[in-house]
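Let's take a relaxed walk through one protein chain. Have the picture open while you read.

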Amino acid sequence: MSRIEFRVLGPIRSVVDDVEATLPGRKLQAILAVLALRAGHEVRRDELIEELDLLASTGNASNTLHAHMTRLRRWLNSQSAGAASTMLESTPSGYRLGVPPSAVDAHRFLTQVEHAVTLGPAAPSSTVTVLEEALDLWHDHDLLGVLDGPLAAAAADELHRARRTARELLLDAWIALGHDHRVIGNAKRFIDDDPLNERMRLQLITALRRVGRHTEAVEAYKLAERVLRDELGVRPGSGLRTAFEHTLGGPGLAREDFYESSLRASGF
């Protein structure tokens, strides 16, 4: 029997026995994304009609949705040797994608992030393994293919928050393990995606200070100060300011004490 997966952490795709395929058409991609995000559970017809904005774009929203579902079922059948006849299920009030949540990359990602949270700071090596695998599931910055329906938008917000948590926890685990150079390289990349994230900027300053790159740590603080002022009209929080003061003071605090004192000051 074919092994079927669905990927929404990037362009919407199906994967059948390691062979990827991208759906033709934005409407079908939106339908499959919403069904995959609720894998094993019903999505009502009225929800799909709203997601596709069919009331505004067609004279008969129900018939148009039915036509889209017929095309989606036909496409799934072509990709999965007929498995879609049972995988894409009609229900009294909607449709259901009859696959386990583990067949969808977004569900696997959220499960792994939750696992990393439960591991806590006492198991940094395990946390690194779990989170590196979780973040590798992201195939592109264009989450859900940049779909903009209300269900997709809400899911995208949740997934972006979980990715932020995963990145912060991963940087924390690397700091705990003394992998400062990995923190520096990755924190810069993460901050490019999330420039208002003060915790990541604190993590970057911490790693720069710990490897003796005090000038770069000061520059990183000044950049944070400028971005926060220009974008939000605010000063850096107390944690970043504490880190800056420690950096100006030279070696001072021990490696662990520096970061912990800055975290306490910030309330993270």
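What is the handedness of the crossing of α8 and α10? The crossing of α8 and α10 is left-handed. A crossing gets that name if the near helix is turned anticlockwise from the far one by less than a right angle, and it is right-handed if clockwise.

Before going on, a word about where this comes from. This is a predicted model, in which local features need pLDDT of at least 70 and side-chain atom pairs count only at pLDDT 80 or more, while totals for chains, interfaces and linings use all residues. Residues are numbered from 1 along each chain as its sequence is written, and side-chain values use heavy atoms, with hydrogens and water left out.

**The whole chain**

The protein chain has 13 helices and 6 strands. Both kinds of element are DSSP runs numbered from the N terminus: helices are H or I with at least four residues, strands are E with at least two. Of the 268 residues in the chain, 48% are buried. Buried means under 20% relative accessible area, exposed means over 50%, and partly exposed is in between (1.4 Å probe, protein chains only). Now take the contacts (heavy atoms within 4.5 Å) between residues at least 6 apart in sequence: 63% of them join residues at least 24 apart.

**Helices around α8**

Back to α8, which spans residues 150-177. Here are its crossings with two other helices, with axes taken as lines fitted to C-alpha atoms over the stretch in contact and angles running from 0 to 180 degrees between N-to-C directions.

| Helix pair | Axes come within | Crossing angle |
|---|---|---|
| α8 and α10 (residues 198-210) | 10 Å | roughly 20 degrees |
| α6 (residues 105-119) and α8 | 10 Å | roughly 40 degrees |

The angle in the first row makes α8 roughly parallel to α10. The angle in the second row makes α6 oblique to α8. The cut-offs go like this: under 35 degrees is roughly parallel, over 145 is roughly antiparallel, 65 to 115 is roughly perpendicular, and the rest is oblique. The crossing of α6 and α8 is left-handed.

Who touches whom? On the α8 side, R164, R167, E168, L171, D172 and I175 meet R199, M200, Q203, T206 and R210 of α10. Sorted by class, that contact has 3 nonpolar, 2 polar and 6 charged residues. Here Ala, Val, Leu, Ile, Met, Phe, Trp, Tyr, Cys and Pro count as nonpolar, Asp, Glu, Lys and Arg as charged, and the others, Gly among them, as polar.

For the other pair, A106, F109, L110, V113 and V117 in α6 meet a set of α8 residues including L159, A162, A166 and L169. The contact of α6 with α8 divides into 9 nonpolar, 1 polar and 2 charged residues.

One residue of α8 is worth a stop: R167. Is R167 buried or exposed? R167 counts as buried because its relative accessibility is 6%. Leaving out residues up to four places away in sequence, R167 touches L135, R189, F190, D193 and M200.

**A sheet of strands**

Now look for the open sheet of 3 strands, in the order β1-β2-β3 with antiparallel pairing. β1 (4-7) and β3 (19-22) are at the edges with a single partner strand each, so one side of each has no neighbour in the sheet. From one strand to the next, the twist averages 25 degrees. Two strands pair if DSSP finds at least two bridges between them.

β1 and β2 (residues 13-16) run antiparallel and are joined by 4 bridges; E5 has V15 in β2 as its bridge partner. Between these two strands of a hairpin sit 5 residues, and G10 in the turn has a positive phi of about 140 degrees.

β2 and β3 also pair in the antiparallel sense, over 4 bridges. Across from A21 in β3 stands S14, and across from T22 stands R13. Their hairpin has 2 residues between the strands, and D17 takes a positive phi near 50 degrees.

Which residues of β2 are buried on its two faces? R13 and V15 are buried on one side, and S14 and V16 on the other.
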